[in-house]
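Got your viewer open? Here's a walk around the fold, stop by stop, with something to select at each one.

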Amino acid sequence: MLGFPRTDTDSLVAYLGDPQRTVGAYWALLQRGDDALDAIRAGLSHPDAAVREGCCRLLDHLVDTESMDLLIAMADDPDAKVRISAFHALACDRCKGDTCAPGADLVLDPALRHLATDPDPQVRLRAAELAGKFAHVDDRALAALRTSQAEDPSPAVRKKVSWYLPGGTIYERTAPRPLR
């Protein structure tokens, strides 16, 4: 199967770190779905950052309540690509099936911390997406987004943040509608 020497789930997770095998391993693990979750969760602590990143990307689609705390912890990974994947997985509702996205009580603090202090602008972009989800309901999110728009050294971050502020396209599109 797939031309891999080994096709057990743990081996497929390890192959996420091999540039020649990562795509095939990713799709094979995604097809295994819930049966692969234990190995994917274990992969979050793998020494190879590419494996940790791949596991975060997989959890974007396969996340369950047991994996949520582990995924949130990945927002503090030392590797920027892992943090980017973790923040995307936490912010993206499109990729998930019927799993509810985590609430502000779980994810807003890491998002605000990384929006303000992460050295990587791509991480700050993803943190802004996550903070932006709470701009209508949490004053801390709105204040952090305003600060970022005014002070972030990256024009790309400042532009994206503006989408989540009042008057911005995403802020207006996601505004709660009044009851009729």
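## Stop one: the pocket

Start with the largest pocket, which has a volume of about 380 Å³. Bear in mind as you go that this is a predicted model. Now select Ala91, Lys133, Tyr164, Ile170 and Arg173: of the 15 residues lining the pocket, these are the closest to its centre. To see which elements build the wall, colour H6, helix H8 (121-132), helix H10 (155-163) and helix H11 (169-173), as these are the ones that give two or more residues to the lining.

Stay with Ile170 for a moment, which you'll find in helix H11. Is isoleucine 170 buried or exposed? Its relative accessible area is 14%, so it counts as buried, the cut-off being under 20%. Show its contacts and, leaving out residues up to four places away in sequence, you get Trp163 and Tyr164. Then draw a distance from its C-alpha to that of glutamate 129: the two sit 41 residues apart along the chain and 9.8 Å apart in the model.

## Stop two: the core

Next, bring up the largest nonpolar core, a set of 58 residues. The ones to highlight are Val13, Leu16, Ile40, Leu71, Leu115, Leu130 and Leu145, which have the most contacts inside this core. Which helix gives the most to it? That's H6 (residues 80-91), with eight residues. As a rule, nonpolar side chains in soluble globular proteins tend to be buried together.

Zoom in on leucine 115. Beyond its neighbours within four places in sequence, Leu115 is in contact with Arg124, Ala127, Ala128, Ala131, Ala144, Leu145, Ser148, Asp152 and Val161.

Keep Arg124 on screen and add serine 154, because the two are in contact as well. Pro121 is the other contact of Ser154 once neighbours within four places are set aside. Serine 154 belongs to the loop between helix H9 (139-151) and H10, and at 12% relative accessible area it is buried. For a sense of scale, jump to aspartate 64: from Ser154 that's 90 residues in sequence, and 34 Å in space from C-alpha to C-alpha.

## Stop three: helix H2 and its surroundings

Select residues 22-32, which make up helix H2. Its buried residues are Thr22, Ala25, Tyr26, Ala28 and Leu29, and they pack against helix H1 (9-15) and helix H4 (49-62). Just past the end of H2, click on glycine 33, where phi is positive, near 55°.

Now for the rings. How many aromatic pairs does a search of the whole structure find? One. Tyrosine 26 and tryptophan 27 form it, edge-to-face, with 5.3 Å centre to centre and 90° between the planes. Tyr26 has a relative accessibility of 8%, so it falls in the buried class.

Another ring to look at is that of tyrosine 15. Arginine 21 lies over its face, at 4.9 Å from the ring centre.

## Last stop: an aspartate in H4

Finish with aspartate 60, which is part of helix H4. Is Asp60 buried or exposed? With a relative accessible area of 4%, it is buried. Add histidine 88 and draw one more C-alpha line: Asp60 and His88 are 28 residues apart along the chain, with 7.5 Å between those atoms.

Terms used: Residues are numbered from 1 along each chain as its sequence is written. This is a predicted model: local features need pLDDT of at least 70, side-chain atom pairs count only at pLDDT 80 or more; totals for chains, interfaces and linings use all residues. Side-chain values use heavy atoms; hydrogens and water are left out. Buried means under 20% relative accessible area, exposed over 50%, partly exposed in between (1.4 Å probe, protein chains only). Helices (H or I, at least four residues) and strands (E, at least two) are DSSP runs, numbered from the N terminus. Contact means heavy atoms within 4.5 Å. A nonpolar core is a set of buried Ala, Val, Leu, Ile, Met, Phe, Trp, Tyr and Cys residues joined through side-chain atoms within 4.5 Å. Rings of Phe, Tyr and Trp (its six-membered ring) pair if their centres lie within 6.5 Å; planes under 30 degrees apart count as stacked, over 60 as edge-to-face and the rest as tilted. A charge sits over a ring if NZ of Lys or CZ of Arg is within 6 Å of the ring centre and within 35 degrees of the ring normal. On a 1 Å grid over the protein atoms alone, a cavity is a set of points where a 1.4 Å probe fits but cannot get out, and a pocket is an open set with protein on both sides within 12 Å along at least five of seven lines; lining residues have an atom within 4 Å of a point. Grid points are joined across faces, edges and corners, and a volume is the space filled by probe spheres set on the points.
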